[in-house]
Amino acid sequence: MAWRSVQKSQPERTVEKYLKDRIENLGGICWKFTSPGNTGVPDRCIEINGLHCYVETKRPKGGRLSDMQRWRIKQLRLQGAKVYVLKNFEEIDWLITHIMKGELPGEYTYNEI
């Protein structure tokens with residue numbers, strides 16, 4: 001019998017889908033962001049009501065940023081971009097609450113960066 005991992009928390013794709021669904025339900029765009037030849041870019045590029053930001057999603061327990069992801073986030077922030085690292089539904093709801101007020105909050109990331 002093969003070894004099987006037991007997932008005790010939501011997988012990252014569940015968190016990412018929740019973000020996508022919430023943004024699209026508000027009439028926004030939540031594109032999957034890939035940049036060929038550039039590893040470590042955030043998962044999602046969000047446009048909604050004139051607001052623009054990037055979001056890297058992580059699974060709630062054990063999700064960690066790679067060194068390259070940290071570097072890409074730093075690069076984007078140095079250019080004035082808003083970048084968020086969100087790891088659960090509550091953090092996504094926090095961002096959505098601010099978006100619904102027509103604002104992007106200051107940088108938020110869990111204690112890893």
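Start by selecting Asn88, which sits in the loop between β4 (83-86) and α3 (89-100). Keep in mind that this is a predicted model. Asn88 is buried, at a relative accessible area of 15%. Show its side chain and look towards Glu90: the side chain of Asn88 reaches the backbone nitrogen of Glu90 at 3.1 Å.

**Aromatic pairs**

Next, display the aromatic side chains. The whole structure contains 3 aromatic pairs. Select Tyr18 and Phe89, a stacked pair with 4.0 Å between the centres and 25 degrees between the planes. This pair links distant parts of the chain, since Tyr18 belongs to helix α1 and Phe89 to helix α3, 71 residues apart. Phe89 is partly exposed, with 24% relative accessibility.

Move on to Tyr84 and Trp94. Their rings are edge-to-face, 6.2 Å centre to centre and with 75 degrees between the planes. This pair also links distant parts of the chain, with Tyr84 in strand β4 and Trp94 in helix α3, 10 residues apart. Is each ring-bearing residue buried or exposed? Colour by accessibility: Tyr84 is buried, at 0%, whereas Trp94 is partly exposed, at 28%.

**Salt bridges**

Now show the charged side chains. Side chains of opposite charge can pair when their charged atoms come close. The count here is 7 salt bridges.

Select Arg22 and Asp93, whose side chains form a salt bridge with an N to O distance of 2.5 Å. Arg22 is in helix α1 and Asp93 in helix α3, so this salt bridge ties together parts of the chain 71 residues apart in sequence. Both ends can be checked for accessibility: Arg22 is partly exposed at 25%, and Asp93 is partly exposed at 26%.

Stay on helix α1 and select Lys20 and Glu24. Their side chains meet in a salt bridge, 3.0 Å from N to O. Why are these two about one helical turn apart? Lys20 and Glu24 are 4 residues apart in helix α1 (residues 12-25), and therefore about one helical turn separates them. Lys20 is partly exposed, with a relative accessibility of 26%, and Glu24 is partly exposed at 36%.

For a salt bridge between buried residues, go to Glu56 and Lys58. The N to O distance between their side chains is 3.6 Å, and both residues are buried. Then select Glu16, Lys32 and Arg44 together: salt bridges that share partners join these residues into one network.

**The strands**

Keep Lys32 and Arg44 selected and switch to a cartoon view. Arg44, in β2, is the bridge partner of Lys32. Strand β1 (residues 29-32) runs antiparallel to β2, and 4 bridges join the two.

Extend the selection to the whole of strand β2 (residues 44-48). This strand is mostly covered, with 4 of its 5 residues buried. How many bridges join β2 to strand β3? There are 5, and β2 and β3 (residues 51-57) run antiparallel. To place one of these pairings, select Cys45 and Tyr54: Tyr54, in β3, is the bridge partner of Cys45.

Follow the chain from β2 into β3. The hairpin has 2 residues between the strands, and Asn49 takes a positive phi near 50 degrees there.

**Cysteines**

Finish by showing the cysteine sulfurs. How many disulfides does the structure hold? The number is 0. Select Cys30 and find the closest cysteine sulfur, which belongs to Cys53. The distance is 8.4 Å, so the two sulfurs are too far apart for a bond. A disulfide would need the sulfur atoms within 2.5 Å.

Then centre on Cys53. The closest cysteine sulfur to that of Cys53 is in Cys45, at 8.0 Å, again too far for a bond. Accessibility completes this stop: Cys30 is buried, with 2% relative accessibility, and Cys53 is buried, with 1%.

Notes
Residues are numbered from 1 along each chain as its sequence is written. This is a predicted model: local features need pLDDT of at least 70, side-chain atom pairs count only at pLDDT 80 or more; totals for chains, interfaces and linings use all residues. Side-chain values use heavy atoms; hydrogens and water are left out. Buried means under 20% relative accessible area, exposed over 50%, partly exposed in between (1.4 Å probe, protein chains only). A polar contact is a pair of N or O atoms within 3.5 Å; within protein, one must be able to donate a hydrogen and the other to accept it, and residues adjacent in sequence count only if both atoms are side-chain atoms. A salt bridge is a side-chain nitrogen of Lys or Arg within 4 Å of a carboxyl oxygen of Asp or Glu. Rings of Phe, Tyr and Trp (its six-membered ring) pair if their centres lie within 6.5 Å; planes under 30 degrees apart count as stacked, over 60 as edge-to-face and the rest as tilted. Two strands pair if DSSP finds at least two bridges between them.
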